[in-house]
Amino acid sequence: MADLLTLADRLYTGAEPVTRDKLFAWSGELVEVADDTAFVAAFSNVAAIATAEGLVLADTSSWFAAAGVHASLQRWRDVRLDTAVFTHGHTDHCFGVEHYEERARTKGWLAPRVVAHEAITARFDRYRETAGYNGIINQRQFQLAAPTFPTEFRYPDETFRDRVDLTVGGETIECHHARGETDDHVWLWVPARRVLCTGDLFIWASPNCGNPQKVQRYAIEWAQALRVMADLDAEILLPGHGLPILGADRIRTALTDSARLLEHLHTETIRMMNEGATLDAIIQAVHAPADLLDRPYLGPIYDEPEFVIRNVWRLFGGWYDGDPSHLKPPSTAAFATEIASLAGGAHALAMRASSLAAAGDLRLAAQLVELAAQAEPADATVHGVRADVYRQRVAAEASVMAQGVFAWAAAESERHRSGSGAGSGDSHDG
């Protein structure tokens with residue numbers, strides 16, 4: 001069990017490189033981080049506080065890992081679950097309550113309660129309405145064989161707006177709301193144990209505050225919450241993803257660095273917006289401080305700062321990006337056909353894209369090959385170039401967000417080239 005904490009220490013100090021497989025494994029391994037306090041590593045983690053009246057959990061994990069998490073916790077303490085607090089409504093954090101409810105029925109225990117922020121109910125309602133779209137997002141982002149997304153959710157028994165203090169078995173668990181990755185986010189503080197459960201407000205990576213395929217995120221409020229947490233002098237930090245951090249100095253530094261990163265992106269984006277800059281100009285000018293991205297817990301391995309800038313713009317500026325040609329543009333197919341005609345045909349665009357990719361300009365290469373494929377959507381040669389360009393983009397990217405979209409595009413063109421056509425959820429044609 002200590003191996004998990006040893007790995008966490010080595011990653012924090014830089015003795016071992018931080019990689020996604022080390023942080024986001026689905027192992028279900030449990031480690032006791034303090035007396036009657038446990039952490040289960042399961043891609044989306046679960047923190048457990050054992051009290052005289054039963055367990056209090058921060059999250060219950062995902063629909064694909066919750067059964068293993070329940071089994072690990074049962075081996076650790078075969079006692080009733082008193083309260084599960086959902087840190088937010090993302091589907092990798094709030095599934096599996098039924099395992100604890102079934103155990104309670106079997107043992108004759110009182111059923112557990114679920115506590116969450118009040119906005120989670122609207123989230124679940126929205127998820128049910130847009131299950132198809134969210135399934136396609138998951139398929140694209142994680143390269144799944146088919147769209148995958150649940151349609152049934154465990155709604156909370158109790159909700160709150162700003163803060164609620166729970167008392168279970170003589171223990172006080174503070175639940176605080178803070179908009180950040182989601183509008184329904186909650187972080188937990190157990191003052192007697194100096195245990196902080198951050199949910200996804202800290203995930204051992206550059207904050208997931210820009211996700212291009214998901215709804216609005218809130219950079220500056222997220223940073224404010226991180227600074228409040230940093231001031232608590234917690235001794236144990238249990239994150240929603242990644243591994244525990246032990247020690248007040250380490251925790252304060254990690255949270256403060258994360259806040260600084262978000263504050264910089266927010267402040268610089270707003271400054272340039274106030275000066276009348278377009279979104280494109282801001283993206284070219286604003287960059288995350290390199291010293292922060294070099295921290296072992298802030299690498300852009302899932303989301304990335306460029307996407308955070310776009311989310312700040314979306315929150316404060318709307319969808320118009322400052323380019324008047326984008327306000328009411330022609331269809332992408334019409335625009336691509338005209339550009340291809342000017343360039344001498346779709347093949348000419350594709351060949352130019354191939355040359356640019358070979359020279360290392362993958363951004364421009366992708367733009368040109370996309371126009372070529374829009375102009376000639378059935379051309380196998382064009383799709384061959386498109387697949388190659390996007391495979392190169394996958395290899396050049398660090399974040400899951402970018403890799404997922406580019407890998408999807410490459411596979412899409414591979415299907416076109418082989419004659420099988422576009423699959424479910426393909427967004428390239430039309």
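A salt bridge is taken here as a side-chain nitrogen of Lys or Arg within 4 Å of a carboxyl oxygen of Asp or Glu. In the predicted model, Arg393 and Glu397 satisfy this criterion, with their closest N and O atoms 3.6 Å apart. Both partners of this pair, Arg393 and Glu397, are buried. Salt bridges with shared partners also link Arg80, Asp82, Arg113 and Glu158 into one network. Under the stated rule, the structure contains 36 salt bridges.

Two further pairs involve residues that are partly exposed. The side chains of Arg163 and Asp165 form a salt bridge with an N to O distance of 2.9 Å. Arg163 has a relative accessible area of 45% and is therefore classed as partly exposed, and Asp165, at 39% relative accessibility, likewise counts as partly exposed. A salt bridge also joins the side chains of Arg295 and Asp291, where the N to O distance is 3.9 Å; this pair is accepted because the cut-off is set at 4 Å. The relative accessible area of Arg295 is 24%, so this residue is partly exposed. Asp291 is assigned to the partly exposed class as well, its relative accessibility being 35%.

The cysteines were examined for covalent pairing. Zero disulfides are present in the structure. For Cys197, the closest cysteine sulfur belongs to Cys175 and lies 9.4 Å away, which is too far for a bond; a disulfide would require the two sulfur atoms to be within 2.5 Å. Cys197 is buried, with a relative accessibility of 3%. Cys209 also takes part in no disulfide, the nearest cysteine sulfur being that of Cys94 at a distance of 20 Å. With a relative accessible area of 1%, Cys209 is buried.

Attention then turns to the surface. A nonpolar patch is formed there by Trp26, Trp63 and Phe64, which together have about 360 Å² of accessible area. Within this patch, Trp26 is located in the loop between helix 2 (20-23) and strand 1 (29-34). The relative accessible area of Trp26 is 58%, and the residue is therefore exposed, since the exposed class begins over 50%. Trp26 is thus exposed, whereas Cys197 and Cys209 are buried.

Note on methods: Residues are numbered from 1 along each chain as its sequence is written. This is a predicted model: local features need pLDDT of at least 70, side-chain atom pairs count only at pLDDT 80 or more; totals for chains, interfaces and linings use all residues. Side-chain values use heavy atoms; hydrogens and water are left out. Patches are made of residues with over 30% relative accessible area and no salt bridge: like charges are joined within 9 Å, nonpolar side chains (Val, Leu, Ile, Met, Phe, Trp, Tyr) within 5 Å. Accessible areas come from the Shrake-Rupley method with a 1.4 Å probe; for residues, only the protein chains shown count as cover. Helices (H or I, at least four residues) and strands (E, at least two) are DSSP runs, numbered from the N terminus. Buried means under 20% relative accessible area, exposed over 50%, partly exposed in between (1.4 Å probe, protein chains only).
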